[in-house]
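Grab your viewer and let's work through a couple of exercises. Try each one by eye before you read the solution.

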Amino acid sequence: MDIPDDHPRKQSLLYRKAIEEGVVDGIVASAGPIAHGRGEAFDYLLGEQTPFVSMSAITTAAAMLFLAKHPVISVNGNAAVLVPRELVALSNAIPAPLEINIFYGRTEDREQKIAKVLYDAGATKVLGVNPSEKIPLLTSARARVDKDGMAKADVVLVMLEDGDRTEYLVQAGKKVIAVDLNPLSRTPQKASLAIVDNIVRCIPMLTEVVIQLRQSTTPELQALVDAWDNKSYLQSVLHFIADRLHATELQHVE
Ligand code: PTJ
């Protein structure tokens, strides 16, 4: 498919194409395009930009990752095809290992394919290929975790995740940062800290903020984390969406 440069939705169509090709190549789950479509719908409600209220979430997430002893970045099929280089940059900036964690059709073949995408994007080490440990109580394929990664992690960054696993990771004593475009989904509500934004915008921003926070002291970072109120943040995202919709006037289309 050739998308003309002046197509107003070019970037959005390129992301769709990456997801579609990811399915064909066995990297993205067959449910991946459905998840992507849900994300697109919520991104419209945000105006396809990072809501200003999410900037504090990004800053606090960066502080939480920075303070962690064993931070880990969880990667699934959709994330691998949408932001592979950006995930590698974040992983290097924190630093925190990338760990493959997939829900649908967890085969070693798909794990290897996702690992290859990340290695091709510059990763030097990818965890989660045929992992040996399990998150207690969780029965789905997502329960399997790497002994050097999520098994011992104190902070886990997840994206396009399901609520169950987020809940069990929290029950296992870990702090979970969840990036999700849908503030009404269980995942951001169960997370220790949610970021309502698109990963294509949020991951590069998070990397920038992690680099900026190197100037901060541990007490300053800890104060940010201690002050976080996830519920009131999610409420403020809903107010942001509602206000935006109230203020929106449809343009006349010929
Ligand atoms: O690779 P696998 O097997 O782990 O499969 C992953 C998918 C994504 C298929 C699986 O986790 C899934 O079914 O996800 P859900 O339950 O559809 O949830 C996806 C959530 O991510 C929804 O709330 C979407 O709004 C949100 N989302 C979709 N695209 C993005 C997003 N959030 C941030 N950035 C996006 N680009």
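**Exercise 1.** Find the bridge partner of Ile73 in β6, then work outwards through the sheet.

*Solution.* Start at Ile73: its bridge partner in β6 is Leu157. This is a predicted model, where local features need pLDDT of at least 70, side-chain atom pairs count only at pLDDT 80 or more, and totals for chains, interfaces and linings use all residues. Numbering runs from 1 along each chain as its sequence is written, and side-chain values use heavy atoms, with hydrogens and water left out.

Next, zoom out: β1 (residues 71-75) and β6 (residues 155-159) run parallel, joined by three bridges. Strands are DSSP E runs of at least two residues, and helices are H or I runs of at least four; a pair of strands needs at least two DSSP bridges.

Now add the helices. α7 (residues 163-171) packs on the sheet and touches β1, β6 and β7 (175-179), its direction making about 175° with that of β6. α9 packs on the sheet too, touching β6, β7 and β8, at about 150° to the direction of β6. Contact here means heavy atoms within 4.5 Å; axes are lines fitted to C-alpha atoms, for helices over the stretch in contact, with angles from 0 to 180 degrees between N-to-C directions.

**Exercise 2.** Write down the strand order of the open sheet, then pick out its edges.

*Solution.* The six strands go β3-β2-β1-β6-β7-β8, with parallel pairing. β3 (126-127) and β8 (193-195) each have a single partner strand, so they are the edges, with one side of each left without a neighbour in the sheet.
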